[in-house]
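Notebook open, coffee poured. I wanted to know how this fold is put together, so here is what I looked up.

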Amino acid sequence: MNLKPFVFNPFGVNGFVLSNDAGDAILIDPSAGSEQEEQALARYIEQNHLTVRRLLNTHLHLDHVLGNAFIAKTYGVQPEAHEEDAFLLDLQEEQSQMYGLPMREPSPSLGNYLAEGDSIEFPGIKLQVIHIAGHSPGGLAFYCEKPGEVNGQANVPPLLFPGDILFAGSRGRSDLFGGDDHALVTGIKNKLMTLPKETVVFPGHGPMTTIGDEARWY
Ligand SMILES: [Zn+2]
Ligand SMILES: [Zn+2]
(Lines give C-alpha, C1' and ligand atoms only; values in the text may rest on other atoms or scores of the structure.)
(Ligands and ions follow the chains in the order given, each with its own letter.)
Protein backbone atom coordinates (compact mmCIF):
# COMPACT_ATOMS: atom_id res chain seq x y z
CA MET A 1 0.00 0.00 0.00
CA ASN A 2 1.09 3.55 -0.62
CA LEU A 3 0.10 6.37 1.67
CA LYS A 4 0.38 10.00 0.63
CA PRO A 5 -0.61 12.78 3.04
CA PHE A 6 -1.61 16.29 1.99
CA VAL A 7 -2.23 19.34 4.18
CA PHE A 8 -4.99 21.41 2.63
CA ASN A 9 -6.96 24.65 2.98
CA PRO A 10 -6.59 27.47 5.54
CA PHE A 11 -7.69 25.08 8.32
CA GLY A 12 -4.79 22.69 7.65
CA VAL A 13 -6.80 19.53 7.11
CA ASN A 14 -4.78 16.35 6.71
CA GLY A 15 -6.05 14.53 3.63
CA PHE A 16 -4.78 11.14 2.48
CA VAL A 17 -4.47 9.10 -0.69
CA LEU A 18 -4.20 5.36 -0.10
CA SER A 19 -3.39 3.24 -3.11
CA ASN A 20 -2.32 -0.27 -4.07
CA ASP A 21 -0.01 -1.65 -6.75
CA ALA A 22 -2.92 -1.98 -9.18
CA GLY A 23 -3.50 1.78 -8.88
CA ASP A 24 -6.78 1.63 -6.96
CA ALA A 25 -6.97 4.79 -4.86
CA ILE A 26 -9.03 5.64 -1.79
CA LEU A 27 -9.20 9.32 -0.84
CA ILE A 28 -9.81 10.33 2.76
CA ASP A 29 -10.87 13.98 3.29
CA PRO A 30 -9.07 15.33 0.20
CA SER A 31 -10.12 18.83 1.21
CA ALA A 32 -8.35 20.92 -1.42
CA GLY A 33 -9.51 24.48 -0.92
CA SER A 34 -7.94 26.23 -3.91
CA GLU A 35 -7.22 25.54 -7.55
CA GLN A 36 -3.55 25.10 -6.66
CA GLU A 37 -4.38 22.44 -4.09
CA GLU A 38 -6.72 20.69 -6.50
CA GLN A 39 -3.93 20.60 -9.06
CA ALA A 40 -1.43 19.22 -6.54
CA LEU A 41 -3.82 16.39 -5.78
CA ALA A 42 -4.59 15.76 -9.47
CA ARG A 43 -0.89 15.75 -10.31
CA TYR A 44 -0.17 13.10 -7.69
CA ILE A 45 -3.03 10.95 -8.98
CA GLU A 46 -1.91 11.32 -12.58
CA GLN A 47 1.80 10.82 -11.99
CA ASN A 48 1.15 7.63 -10.06
CA HIS A 49 -1.39 6.35 -12.61
CA LEU A 50 -4.08 6.00 -9.99
CA THR A 51 -7.79 5.36 -10.48
CA VAL A 52 -9.87 7.06 -7.81
CA ARG A 53 -12.30 4.42 -6.52
CA ARG A 54 -13.71 5.89 -3.32
CA LEU A 55 -14.05 9.34 -1.75
CA LEU A 56 -14.37 8.94 2.01
CA ASN A 57 -15.14 11.72 4.48
CA THR A 58 -14.42 11.21 8.17
CA HIS A 59 -17.18 13.75 8.83
CA LEU A 60 -18.90 16.57 7.01
CA HIS A 61 -17.65 19.77 8.61
CA LEU A 62 -16.90 22.19 5.81
CA ASP A 63 -13.10 22.08 6.19
CA HIS A 64 -13.14 18.34 5.38
CA VAL A 65 -15.38 18.44 2.32
CA LEU A 66 -13.87 21.37 0.39
CA GLY A 67 -12.35 19.07 -2.26
CA ASN A 68 -15.44 16.93 -2.79
CA ALA A 69 -16.91 18.87 -5.73
CA PHE A 70 -13.62 18.80 -7.64
CA ILE A 71 -13.02 15.09 -6.98
CA ALA A 72 -16.59 14.14 -7.88
CA LYS A 73 -16.46 16.11 -11.14
CA THR A 74 -12.96 15.01 -12.15
CA TYR A 75 -13.07 11.33 -11.20
CA GLY A 76 -16.77 10.47 -11.18
CA VAL A 77 -16.97 9.29 -7.57
CA GLN A 78 -19.48 10.52 -4.98
CA PRO A 79 -18.57 11.29 -1.37
CA GLU A 80 -19.30 8.69 1.30
CA ALA A 81 -19.82 9.39 4.99
CA HIS A 82 -22.11 8.53 7.89
CA GLU A 83 -25.80 9.26 7.38
CA GLU A 84 -26.03 11.19 10.67
CA ASP A 85 -23.68 13.84 9.29
CA ALA A 86 -25.60 14.31 6.03
CA PHE A 87 -27.45 17.37 7.41
CA LEU A 88 -24.13 19.24 7.48
CA LEU A 89 -24.07 19.30 3.68
CA ASP A 90 -27.22 21.44 3.82
CA LEU A 91 -25.35 23.90 6.06
CA GLN A 92 -22.25 24.45 3.92
CA GLU A 93 -22.98 28.12 3.18
CA GLU A 94 -23.71 28.73 6.86
CA GLN A 95 -20.45 27.00 7.90
CA SER A 96 -18.52 28.97 5.30
CA GLN A 97 -19.71 32.24 6.86
CA MET A 98 -19.40 31.03 10.43
CA TYR A 99 -15.80 29.86 10.05
CA GLY A 100 -14.78 32.52 7.52
CA LEU A 101 -13.73 29.66 5.27
CA PRO A 102 -14.26 30.34 1.55
CA MET A 103 -16.01 27.61 -0.41
CA ARG A 104 -15.39 27.35 -4.15
CA GLU A 105 -18.21 24.96 -4.86
CA PRO A 106 -20.44 23.05 -2.42
CA SER A 107 -19.93 19.32 -1.94
CA PRO A 108 -22.40 17.13 -3.81
CA SER A 109 -24.66 14.95 -1.67
CA LEU A 110 -23.52 11.55 -0.45
CA GLY A 111 -23.48 8.64 -2.88
CA ASN A 112 -23.26 6.05 -0.12
CA TYR A 113 -23.66 5.90 3.64
CA LEU A 114 -20.92 4.32 5.74
CA ALA A 115 -21.71 2.73 9.10
CA GLU A 116 -19.98 1.01 12.00
CA GLY A 117 -18.59 -2.35 10.94
CA ASP A 118 -18.46 -1.62 7.21
CA SER A 119 -15.21 -2.31 5.44
CA ILE A 120 -13.68 -0.77 2.36
CA GLU A 121 -11.48 -3.23 0.51
CA PHE A 122 -9.17 -3.36 -2.46
CA PRO A 123 -6.28 -5.78 -2.95
CA GLY A 124 -3.69 -4.87 -0.31
CA ILE A 125 -5.92 -2.31 1.43
CA LYS A 126 -8.62 -2.94 4.00
CA LEU A 127 -10.20 -0.17 6.06
CA GLN A 128 -12.69 -0.87 8.83
CA VAL A 129 -15.28 1.78 9.63
CA ILE A 130 -15.64 2.91 13.26
CA HIS A 131 -18.45 5.31 14.19
CA ILE A 132 -17.92 7.69 17.11
CA ALA A 133 -20.39 10.54 17.67
CA GLY A 134 -19.47 13.62 19.69
CA HIS A 135 -17.40 15.90 17.48
CA SER A 136 -20.14 15.51 14.92
CA PRO A 137 -23.05 13.03 15.11
CA GLY A 138 -21.71 10.87 12.29
CA GLY A 139 -17.97 11.01 12.96
CA LEU A 140 -16.00 8.14 11.46
CA ALA A 141 -12.55 6.70 12.02
CA PHE A 142 -10.99 4.45 9.39
CA TYR A 143 -8.83 1.64 10.77
CA CYS A 144 -6.30 -0.34 8.77
CA GLU A 145 -5.37 -3.30 10.95
CA LYS A 146 -2.82 -4.88 8.61
CA PRO A 147 -1.34 -2.27 6.29
CA GLY A 148 1.39 -4.66 5.10
CA GLU A 149 4.20 -2.85 3.36
CA VAL A 150 3.64 0.92 3.30
CA ASN A 151 5.67 3.15 0.96
CA GLY A 152 8.17 0.32 0.66
CA GLN A 153 8.54 -0.14 4.41
CA ALA A 154 7.75 -3.53 5.92
CA ASN A 155 6.20 -4.43 9.30
CA VAL A 156 4.15 -1.26 9.59
CA PRO A 157 1.85 -1.23 12.64
CA PRO A 158 -1.92 -0.68 12.31
CA LEU A 159 -2.99 2.75 11.04
CA LEU A 160 -5.93 4.88 12.16
CA PHE A 161 -7.52 7.87 10.40
CA PRO A 162 -9.88 9.38 13.00
CA GLY A 163 -10.63 12.75 11.42
CA ASP A 164 -11.34 15.25 14.21
CA ILE A 165 -12.32 12.63 16.79
CA LEU A 166 -8.78 12.35 18.15
CA PHE A 167 -5.75 14.65 17.89
CA ALA A 168 -2.23 14.42 19.30
CA GLY A 169 -2.79 15.49 22.91
CA SER A 170 -6.44 16.45 22.51
CA ARG A 171 -9.73 15.61 20.85
CA GLY A 172 -12.24 17.36 18.64
CA ARG A 173 -14.40 20.16 19.99
CA SER A 174 -17.96 19.30 20.89
CA ASP A 175 -19.60 22.73 20.80
CA LEU A 176 -20.58 22.55 17.12
CA PHE A 177 -23.70 21.20 15.38
CA GLY A 178 -24.74 18.18 17.44
CA GLY A 179 -21.49 17.84 19.41
CA ASP A 180 -21.41 15.88 22.70
CA ASP A 181 -18.20 15.57 24.72
CA HIS A 182 -19.49 12.70 26.86
CA ALA A 183 -20.31 10.64 23.78
CA LEU A 184 -16.96 11.53 22.27
CA VAL A 185 -14.94 10.45 25.33
CA THR A 186 -16.97 7.25 25.70
CA GLY A 187 -16.46 6.40 22.04
CA ILE A 188 -12.73 7.10 22.17
CA LYS A 189 -12.35 4.94 25.29
CA ASN A 190 -14.41 2.03 24.01
CA LYS A 191 -13.48 1.96 20.36
CA LEU A 192 -10.06 3.59 19.95
CA MET A 193 -8.20 3.01 23.21
CA THR A 194 -8.91 -0.71 22.78
CA LEU A 195 -6.85 -0.78 19.56
CA PRO A 196 -3.21 -1.95 19.73
CA LYS A 197 -0.98 0.61 21.50
CA GLU A 198 1.41 0.76 18.55
CA THR A 199 -1.38 1.91 16.18
CA VAL A 200 -0.20 5.01 14.32
CA VAL A 201 -2.83 7.76 14.32
CA PHE A 202 -3.16 10.28 11.47
CA PRO A 203 -5.57 12.92 12.82
CA GLY A 204 -7.61 15.34 10.72
CA HIS A 205 -5.37 18.21 11.85
CA GLY A 206 -1.88 18.42 13.28
CA PRO A 207 0.85 15.85 13.89
CA MET A 208 0.68 12.07 14.02
CA THR A 209 0.50 10.22 17.30
CA THR A 210 -0.10 6.67 18.55
CA ILE A 211 -2.87 5.05 20.57
CA GLY A 212 -0.27 4.29 23.28
CA ASP A 213 0.65 7.99 23.57
CA GLU A 214 -2.98 9.13 23.78
CA ALA A 215 -4.03 6.42 26.25
CA ARG A 216 -2.76 8.50 29.20
CA TRP A 217 -5.66 10.95 28.69
CA TYR A 218 -8.38 8.30 28.84
ZN1 LIG B 1 -14.57 18.76 12.39
ZN1 LIG C 1 -11.50 19.67 10.94
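I started with strand 1 and strand 2 (residues 13–19): they run antiparallel, and I count seven bridges joining them. I picked one pair to follow, and found that L3 has L18 in strand 2 as its bridge partner. Worth repeating that I am looking at a predicted model here.

Next, what packs on the sheet? Helix 1 (residues 35–47) does, and I see it touching strand 1, strand 2, strand 3 (24–28) and strand 4 (51–56). I checked the direction of helix 1 against that of strand 1 and got about 170°. Helix 3 (residues 68–75) packs on the sheet as well, with strand 3, strand 4 and strand 5 (79–81) as the strands it touches. For helix 3 I noted an angle of about 145° to the direction of strand 4.

Then I traced the sheet itself. It is open, has six strands in the order 1-2-3-4-5-6, and its pairing is mixed. Which strands sit at the edges? Strand 1 (2–8) and strand 6 (112–113), each of them pairing on one side only.

Stepping back to the whole protein, I tallied six helices and 14 strands. The radius of gyration came out at 16 Å, close to the 17 Å from the globule rule for 218 residues, so I can call the protein as compact as a globular protein of that length. Along the principal axes, I get a C-alpha trace spanning about 40 × 40 × 25 Å.

Last entries: buried residues are 41% of the 218. Of the contacts with a separation of 6 or more, 64% are between residues 24 or more positions apart.

Methods
Residues numbered from 1 in each chain as written. Chains lettered and ligands numbered in written order. Predicted model: local features only at pLDDT ≥ 70, side-chain atom pairs only at ≥ 80, totals over all residues. Pairing = 2+ DSSP bridges. Helix = DSSP H or I, 4+ residues; strand = E, 2+ residues; numbered from the N terminus. Contact = placed C-beta atoms within 7 Å. Axes fitted to C-alpha atoms, helices over the stretch in contact; angles between N-to-C directions. Rg over C-alpha atoms; globule rule 2.2 N^0.38 Å. Buried ≥ 20, exposed ≤ 12 C-beta atoms within 10 Å, placed from the backbone.
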